[in-house]
Amino acid sequence: MTKINKKIALLLAIPVLMVAAGLGLWLATQAAVKTHQSASNELAVQQSKLINKKSKVGTILDSKQPNVSAASALLDKLFTLDWTIFSQKEFDAKAKQMTPYVTQDVVKNSLDFKADPDKMITQTGVVMTYGHMDFLPTSASAKAVKGKVIVFVKSHLKDSADATTRFVYNVSYNPKTNLVTQLDRIGTYQLHSDSSVL
């Protein structure tokens, strides 16, 4: 073959090679998409199984420990009122809204019922929103359910990003009166991650 024929053959071979490479890439992409879809479907199935299992555990807890379940529901309602604060006015009104769920002893002694004479919400402009709680019962009977609660509260100042604070409480609940009999905030819980284990 002459030099010119080789160049023409090479020029004709380049588009063929490009089409073949494109086809190969497309097939590889399709295989990756199918694998990803299969993995996503499997994950969805596993999540569904986990949700069903969690629901069954909750149902078992309700049937075996109705007092623990009742305490958890009342505490959730109480902390929603306690830690959802968008203004000083709401902060000042929260004690009155929380009073029907607690004993008078709690109203007198709990930090969560203390007034704010310094108007800290107005001064700082902080906004707080109750996220959720983790209730860790330590004992349960027909007379009392006792335990610890970690309350997760999101807060932010004006345009800054949200920060999560975890407040820790010692709590007690009376199933007969359906009232919280102890609401002692004992501090905040800080979670530090060790990046070396990740």
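**Backbone, aromatic pairs and pocket of the predicted model**

Lys119 lies in the loop that runs between helix 4 (104–109) and helix 5. In this predicted model, phi of Lys119 is near 50 degrees, a positive value in a residue that is not glycine, and the relative accessible area of Lys119 is 38%, so that the residue is classed as partly exposed. As a general background to this value, most residues other than glycine have a negative phi. Asn178 also has a positive phi, near 55 degrees, and is likewise a residue other than glycine. Asn178 is placed in the loop between strand 3 and strand 4, where, with a relative accessible area of 40%, Asn178 is partly exposed.

The protein contains five helices and four strands, which follow one another along the sequence in the pattern α-α-α-α-α-β-β-β-β. Of its 198 residues, 23% count as buried. Gln65 occupies the loop between helix 1 (3–64) and helix 2, and its relative accessible area of 33% places Gln65 among the partly exposed residues. Although Gln65 and Ala140 are separated by 75 residues in sequence, their C-alpha atoms are 8.0 Å apart in space. Thr122, in turn, belongs to helix 5 (residues 120–124) and is exposed, because its relative accessibility of 56% is over the 50% cut-off. Between the C-alpha atoms of Thr122 and Phe91, which are 31 residues apart along the chain, the distance is 9.9 Å.

Aromatic contacts were examined next. A pair of aromatic rings is described by the distance of the centres and the angle of the planes. Two aromatic pairs were counted in the model. In one of them, formed by Phe79 and Tyr169, the ring centres are 4.8 Å apart and the planes stand at 50 degrees to each other, so the pair is classed as tilted. This pair links distant parts of the chain, since Phe79 lies in helix 2 (residues 66–83) and Tyr169 in strand 3 (residues 163–174), with their positions 90 residues apart in sequence. Both Phe79 and Tyr169 are buried.

The other pair, formed by Trp83 and Phe167, is stacked, with 4.3 Å from centre to centre and 10 degrees between the planes. Because Trp83 lies in helix 2 and Phe167 in strand 3, this pair ties together parts that are 84 residues apart in sequence. Trp83 has a relative accessible area of 5% and is therefore buried, and Phe167, at 12% relative accessibility, also counts as buried. The ring of Trp83 has a further partner in Lys94, the charged end of which sits over the ring at 5.2 Å from its centre. Along the chain Trp83 and Lys94 are 11 residues apart, and their C-alpha atoms are separated by 8.8 Å.

Several of these aromatic residues recur in the interior of the protein. The largest nonpolar core comprises 29 residues, of which Phe79, Trp83, Phe135, Val149, Val151, Tyr169 and Leu183 touch the most other members. Two or more residues of this core are given by each of helix 2, helix 3, strand 1 (126–140), strand 2, strand 3 and strand 4 (179–189). The largest share comes from helix 2, which contributes seven residues.

The largest pocket has a volume of about 240 Å³ and is lined by 16 residues, those nearest its centre being Trp83, Phe91, Lys94, Leu111 and Arg185. Helix 3 (88–98), strand 2 (145–157) and strand 3 are the elements that give two or more residues to this lining. By class, the lining consists of nine nonpolar, two polar and five charged residues. Trp83 thus appears in three settings: in the stacked pair with Phe167, among the core residues that touch the most other members, and among the lining residues that lie nearest the centre of the largest pocket. Lys94, the charged end of which sits over the ring of Trp83, is also one of the lining residues nearest the pocket centre.

Key:
Residues are numbered from 1 along each chain as its sequence is written. This is a predicted model: local features need pLDDT of at least 70, side-chain atom pairs count only at pLDDT 80 or more; totals for chains, interfaces and linings use all residues. Side-chain values use heavy atoms; hydrogens and water are left out. Rings of Phe, Tyr and Trp (its six-membered ring) pair if their centres lie within 6.5 Å; planes under 30 degrees apart count as stacked, over 60 as edge-to-face and the rest as tilted. Buried means under 20% relative accessible area, exposed over 50%, partly exposed in between (1.4 Å probe, protein chains only). A charge sits over a ring if NZ of Lys or CZ of Arg is within 6 Å of the ring centre and within 35 degrees of the ring normal. On a 1 Å grid over the protein atoms alone, a cavity is a set of points where a 1.4 Å probe fits but cannot get out, and a pocket is an open set with protein on both sides within 12 Å along at least five of seven lines; lining residues have an atom within 4 Å of a point. Grid points are joined across faces, edges and corners, and a volume is the space filled by probe spheres set on the points. Ala, Val, Leu, Ile, Met, Phe, Trp, Tyr, Cys and Pro count as nonpolar, Asp, Glu, Lys and Arg as charged, and the others, Gly among them, as polar. A nonpolar core is a set of buried Ala, Val, Leu, Ile, Met, Phe, Trp, Tyr and Cys residues joined through side-chain atoms within 4.5 Å.
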